[in-house]
Amino acid sequence: MKKKTLALLLALVMALSLLAGCGNKNDTPAPTPDTPPADTQTPDTPDEPTEPAEPAPSETTPGGDLPRTETLYFAGQQWGTVNSWSPIGSNQNNAMAVTGKAAGSRTLMFETLYMYNPLDGSLTGLLADGDYQWNADQTEMTVKIKPAAKWSDGTPVTANDVKRTFDIGVQVGNGTGTGFGAYIEEIVAQDDSTVVIKAAKNDAGQAKNPLKILDFLSATLIAQAAWIDTMAARNNNDSVSILNDAGDDVVWSGPYTKYYSDDQKVVLIRDDNYWGQDASMWGKLPVPKYIAHTIYADNPAGENALKAGEVDVCQQFIGNIQDLWLKDGLPISTFYQEAPYGMCLTMPTAWYNMNIPVLAENPALRKAIAMAVDYDSIIANAMTNQSPSFADVPRSLMNPTDGEQALYNHDAVKDLQWVGNDIEGAKALLDEAGLVDSDGDGIREWNGEKISLNACCPNGWTDWQASMEIVAAAGEKIGVEITTSFPEWSIYQTVFTQPGQTEYQIFMYSPEAATPSNPWQRANQFLGKEYVGVENNWSGNWGQYVNEEADELILKIPTTTDTNELKDIYTKLVEIYLTEVPSFSLMYRPDQFHAVNESVWTNFPSADDGRNIPPMMCTDGYGIAALYDLELVG
């Protein structure tokens, strides 16, 4: 019997115990919601344990309990208190409302032109009406805006909103500006419904990178031009002030809006006037009235809440997740029936900080540490085998998908690839480079100083923390002192994104997963120099590595159409990466873990259901389609 069938056998019983509500209580008087809630319902206590009770009307107070049968609870996305609701700013720490990425932006409150689907690489129009159109030489793209698309204040979404979103991003240097400003010359509002995206050109008059314009379509959360103007004016058009604006008065286009947030939880409420119920889009509203995320201290707390049915959708690593249904009999399931249970599209990576001289000047040290790490231990213990090994999929710049793996010559670089735990090989490499322990204390020296480094990742991200402990253990085995440090995410994100930082020396972050521009984008993130020196850098090359040959090759990829030539370029880039080792991936990992508890809600997407909805947490890219199909158990 399949795990989902087993899970659903228990779901009805568990639902009865949860109907009274699992929202966190808050003793502090709650603020008035930004949008007054429509009539809400809360369930009666069931008299009989045979079928769910019908919900009875009641009022919901922001900050108090939420009707369980109207609320979809999340874990693993929001860490720490929300700083801002502005889609234009930086350091918002607002995972549920302001998360933009080419692999599929979170479009609960703000929306993108298109939705990306990693299952098939497709782009489906959201604010956009129909397919985008390139001109003959791919230097201009035309996008139409859906006539039905409206802002929460009732005004239409227009081409000028897209233009203003891009222009303000370039002006203030936010993620949109730094990620796309080098590739888009300008965006023109040809008329209210017609957007023309003009590509930046190289010296030959070709578009610098048509692939990045595709990323713009699925990554950029569009803001209302009128609101941007108001917000910029109150900040005297000062970039720093704009980036830090709280955005409490923001106008949105998505199906949900802010309802309540504090240091315990974040709640969004459905906008029942949402334009997407038009026949040109979804034709209906999403099913849950509330989207809620309790702010858990760490992964174990979120896991326990998932097991208890207090969380419906969990985006965090859970070790041996199969035990939850095979041994514990819980109504929990994942997208795939078998390991690795999720789509392994990305590669959490340890980045070397090139602002640290001993790392910048010693590629032998960088490679030795990478060779010594026991990746099989990371995969078996930190990942509980929810990842293919580096023996199964040798390391390169590519994710494990067949399409990316076919883009380089495996035989040409096999002598450079390593599977890990090669302690003797790492020691020999260090000895040859003259990095030796001259005073007999067990720690090698460079320029008369002991080689002492830290290895950092966010606190509470347990699979990453376990991985960095294994990196530290590898250092000890080869005579390099590596100590671990796990700052809170709210702090961590403000440090690793700054180009001159020296606080974190080996630190973890993930490159892009599957996107319209990959694997070009990932190669650029690992080896390209365009992000070097960029403040507030969420785009790539966080270690500040520069290699001119690699950069020249990266620049060729977007305009190369010959498949053999493209394969040669990618092969050379893999060779440079495995030789220079500016970073090293620790595992292959699902872009989203997407574990669901079906004790209250069911009909979540799965690989075999024929709906082509990706396992993207019911919120990201085309994954948001799941919210329109959810059903209550029973």
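**Cysteines**

Task: At 11% relative accessibility, is cysteine 344 buried or exposed?

Solution: Start with the cut-offs: under 20% relative accessible area is buried, over 50% is exposed, and anything in between is partly exposed (1.4 Å probe, protein chains only). Cysteine 344 has 11% relative accessibility, so this residue counts as buried. Keep in mind that you are looking at a predicted model, where local features need pLDDT of at least 70, side-chain atom pairs count only at pLDDT 80 or more, and totals for chains, interfaces and linings use all residues. Residues are numbered from 1 along each chain as its sequence is written, and side-chain values use heavy atoms, with hydrogens and water left out.

Task: Find how many disulfides the whole structure has, and which cysteine sulfur is nearest to that of cysteine 314.

Solution: A disulfide is a pair of cysteine sulfur atoms within 2.5 Å. Searching the whole structure with that rule gives 0 disulfides. For cysteine 314, the nearest cysteine sulfur belongs to cysteine 618 and is 12 Å away. Cysteine 344 is in no disulfide either, as the nearest cysteine sulfur, that of cysteine 314, lies 16 Å from its own. Finally, cysteine 314 is buried because its relative accessibility is 0%.

**A strand, a helix and a strand**

Task: Work out in which sense β19 and β20 pair, and which hand their unit with α15 has.

Solution: Helices (H or I, at least four residues) and strands (E, at least two) are DSSP runs, numbered from the N terminus. Two strands pair if DSSP finds at least two bridges between them. Strand β19 covers residues 452-456 and strand β20 covers residues 481-485; 5 bridges join them in the parallel sense. You can find serine 452 opposite glutamate 481 of β20. Now add helix α15, residues 462-478: β19, α15 and β20 make a right-handed β-α-β unit. Right-handed means that, with the strands pointing away from the viewer, the path from the first strand over the helix to the second runs clockwise.

Task: Check what span α15 should have, and compare that with its end C-alpha atoms.

Solution: The expected span is 1.5 Å times one less than the number of residues. For the 17 residues of α15 that gives 24 Å, and the end C-alpha atoms are 25 Å apart, which agrees. Next, look at accessibility along the helix: the buried residues of α15 include Trp464, Met468, Ile470, Val471 and Ile478. Just after α15 comes glycine 479, with a positive phi of about 85°.

**Sheets and a hairpin**

Task: Which strands are at the edges of the sheet that holds β19 and β20?

Solution: Write down the order, β20-β19-β21-β16-β22: these 5 strands form an open sheet with mixed pairing. The edges are β20 and β22 (583-585), each of which pairs on one side only. From one strand to the next, the twist averages 25°.

Task: Find the edges of the open sheet of 7 strands, and the helix that lies across β24.

Solution: The order is β10-β11-β12-β3-β13-β24-β14, again with mixed pairing. β10 (256-261) and β14 (332-333) each have a single partner strand, so one side of each has no neighbour in the sheet. Inside the order, β11 (residues 265-270) and β12 (residues 290-294) pair antiparallel over 5 bridges, with lysine 265 opposite threonine 294. The helix is α7 (residues 299-307), which lies across β3, β13, β14 and β24 and runs at about 40° to β24.

Task: Say how many residues separate β8 and β9 in their hairpin.

Solution: Begin with the pairing: β8 (residues 184-191) and β9 (residues 194-199) run antiparallel, joined by 6 bridges. Glutamate 186 is opposite lysine 198 of β9. The hairpin they form has 2 residues between the strands.

**Residues in loops**

Task: Where is threonine 112, and which residues does it contact beyond its neighbours within four places in sequence?

Solution: Threonine 112 sits in the loop between β3 and β4 (114-117). Its relative accessibility is 1%, so threonine 112 counts as buried. With contact meaning heavy atoms within 4.5 Å, the partners of threonine 112 beyond those neighbours include Ser105, Leu126, Leu217 and Thr220. Threonine 220 is 108 residues away along the chain, yet the two C-alpha atoms are separated by 5.6 Å.

Task: Is serine 517 buried or exposed?

Solution: Locate serine 517 in the loop between β21 (506-509) and α17 (520-527). With a relative accessible area of 1%, serine 517 is buried. Leaving aside neighbours within four places in sequence, serine 517 contacts Leu211, Lys212 and Asp215.

Technical notes: Axes fitted to C-alpha atoms, helices over the stretch in contact; angles between N-to-C directions.
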